[in-house]
Amino acid sequence: MTTTIDVDRGARRATPRAERLSLSQARRAALAAQGLHRERPAVEPGFRQVTAAVRRLGLLQIDSVNVLARAHLMPLYSRLGPYDVGLLDRLHSRTPRRLVEAWAHEASFVPVETWPLLEWRRRAVRDHAWGAISRAAEEHPGELAAVREILAERGPVTAAQVHVELEARGGPGRRTNDEWGWNWTAGKRVLEYLFFTGEAVSAGRTAQFERRYDLAARALPRDVVEAPPVSDGEAIRRLVEISARAHGIATPRDLRDYFRLLRGVTKTLLPAAVAELVEDGVLVPVDVEGLRGPWYRHRDAALPRRATGAALLSPFDPLVFERSRLEELFGTTYRIEIYTPAAKRQYGYYVLPFLEDERVTARLDLKADRQAGVLRVQAAHAEPWSTPATAGRLASELRTMAAWLGLDDVVVASRGDLAPALDAALRP
């Protein structure tokens, strides 16, 4: 017997009758896909475990906010526990590179084999880059030619080094101030244009988190650079499958958001990709108790009988960066308040949800005070699913995180209804 599934407002097709999952089962499938359903390994993870975790997620979002730890470092900590961040640096900054920076879910690290699947975006710079970058070739042709020469002769180089070199060549690195919020040199805009279009890549980051730009043909593995072209349709299909595997269970909105398949050719190609993956049995239609569909389960998604993990999740963690999904599956309404005026913040500046078993049971505003050697809990709020054990599990997690960050102590401020219990749990 068959039923009709609406594939993201695309054409209707006859598909197998949907499976039925409880909301708890759907949560556990999502957590298992992300590697968050069980306690973290007791031994320090090595290169193999770090590599496997990145491949499991499919991408790591990059953000420069460093109030606690860089955004791309936290998801691996949440899944693996204390690990040597130098291993991740080795993956993207040393030859042969296994990760490369790309515009995926915003700026992200992706496995190098994903690089050819993003060519459609690099090619359509006008559709996908913002104005300052998309217009760079037309507005700064002199700088474009000069930067190409500098990369070929001196790469890898930072934007600051390129600026100095351009000034030495007669000043074409002048600053422009016609784009809100940015005061980039023309040279920086050209670099970002070359980065977006794939002519240049990041060969690593400095201690100050500046990109070190180099030619893609020199920095990437040869088999990636020389990989045969992938059609737009096949690329979107494979990106959707990566997203589906990372989600375990997902809506078309979730599948679209993971790699930001929001505009241009993806408007028509994404629904077609979902339909094809359903036809091929890669995506299995499911009904989730109490939630509007359609939902799809990746055919390899695990469904553990219970979830026993505990982890603090960064605002940029793949489990939480699609806020609607977090609210639907976990009942947690969450937003990052970095850009909210301090007086109007509800929970704090850099707030991390605390995942306990299969629920978000608390949220903490954290800051690594490196000068004082202290991990500061600036606010601690309980969620409706908090239990008497939450404060103790959270205290253990904070001690572990502080040690990983090289901090000597955890100090809890009085803000938030969970703060007294957490402070008591941290005391000897």
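The following exchange examines how several descriptions of this predicted model follow from their definitions.

User: What are the conventions behind the model's numbering and values?

Analyst: The model is predicted, with local features needing pLDDT of at least 70 and side-chain atom pairs counting only at pLDDT 80 or more, while totals for chains, interfaces and linings use all residues. Residues are numbered from 1 along each chain as its sequence is written, and side-chain values use heavy atoms, with hydrogens and water left out.

User: Why is Phe 209 called buried?

Analyst: Buried means under 20% relative accessible area, exposed means over 50%, and partly exposed lies in between (1.4 Å probe, protein chains only). Phe 209 has 14% relative accessibility and therefore counts as buried. Phe 209 is placed in the loop between β7 (200-205) and β8 (211-215). Its phi is near 70 degrees, a positive value in a residue other than glycine.

User: What makes Arg 260 partly exposed?

Analyst: The relative accessibility of Arg 260 is 22%, so Arg 260 counts as partly exposed. Arg 260 also has a positive phi, near 55 degrees, in a residue other than glycine. The loop that holds Arg 260 runs between α15 (252-258) and α16.

User: Why are the buried residues of α19 placed on the same side of the helix?

Analyst: Helices are DSSP runs of H or I with at least four residues, strands are runs of E with at least two, and both are numbered from the N terminus. In α19 (residues 419-426), the buried residues are Ala 419, Leu 422 and Leu 426. They cover an arc of only 65 degrees around the axis, which puts them on the same side of α19. The arc is that of the directions from the helix axis to the C-beta atoms.

User: What covers the buried residues of α19?

Analyst: The cover includes β14 (359-369), β15 (374-382), α18 (390-404) and β16 (409-412); contact here means heavy atoms within 4.5 Å. The helix α19 lies across β14, β15 and β16, and runs at about 155 degrees to β16. Such angles run from 0 to 180 degrees between N-to-C directions, and axes are lines fitted to C-alpha atoms, for helices over the stretch in contact.

User: How do you know that β14 and β15 are paired?

Analyst: Two strands pair if DSSP finds at least two bridges between them. Eight bridges join β14 to β15, and these strands run antiparallel. One of the bridge partnerships sets Leu 366 against Val 377 in β15.

User: What makes β12 and β16 edge strands?

Analyst: The open sheet has five strands in the order β12-β13-β14-β15-β16, with mixed pairing. β12 (310-312) and β16 each have a single partner strand, so one side of each is left without a neighbour in the sheet. On average, neighbouring strands of this sheet are turned by 30 degrees against each other, direction ignored.

User: Which strands pair with β10, and in what sense?

Analyst: Strand β3 (residues 19-21) pairs with β10 in the parallel sense over three bridges, whereas β11 (residues 295-298) is joined to β10 by four bridges and runs antiparallel. Val 286 in β10 stands opposite Glu 19 and has Trp 295 as its bridge partner in β11. Strand β10 (residues 283-288) is mostly covered, with five of its six residues buried.

User: Why do β3 and β9 count as edges?

Analyst: The order of this open four-stranded sheet is β3-β10-β11-β9, and its pairing is mixed. β3 and β9 (249-250) have a single partner strand each, so one side of each is left without a neighbour in the sheet. Helix α16 (residues 266-279) packs on the sheet, touching β10 and β11, and its direction makes about 100 degrees with that of β10.

User: How is the packing of α2 and α4 described?

Analyst: Helix α2 (residues 47-57) and helix α4 (residues 85-93) pack at an angle of about 65 degrees, with axes 10 Å apart. Phe 47, Val 50, Thr 51 and Val 54 in α2 meet Leu 87, Leu 88, Arg 90 and Leu 91 in α4. The residues of this contact divide into six nonpolar, one polar and one charged. Ala, Val, Leu, Ile, Met, Phe, Trp, Tyr, Cys and Pro count as nonpolar, Asp, Glu, Lys and Arg as charged, and the others, Gly among them, as polar.
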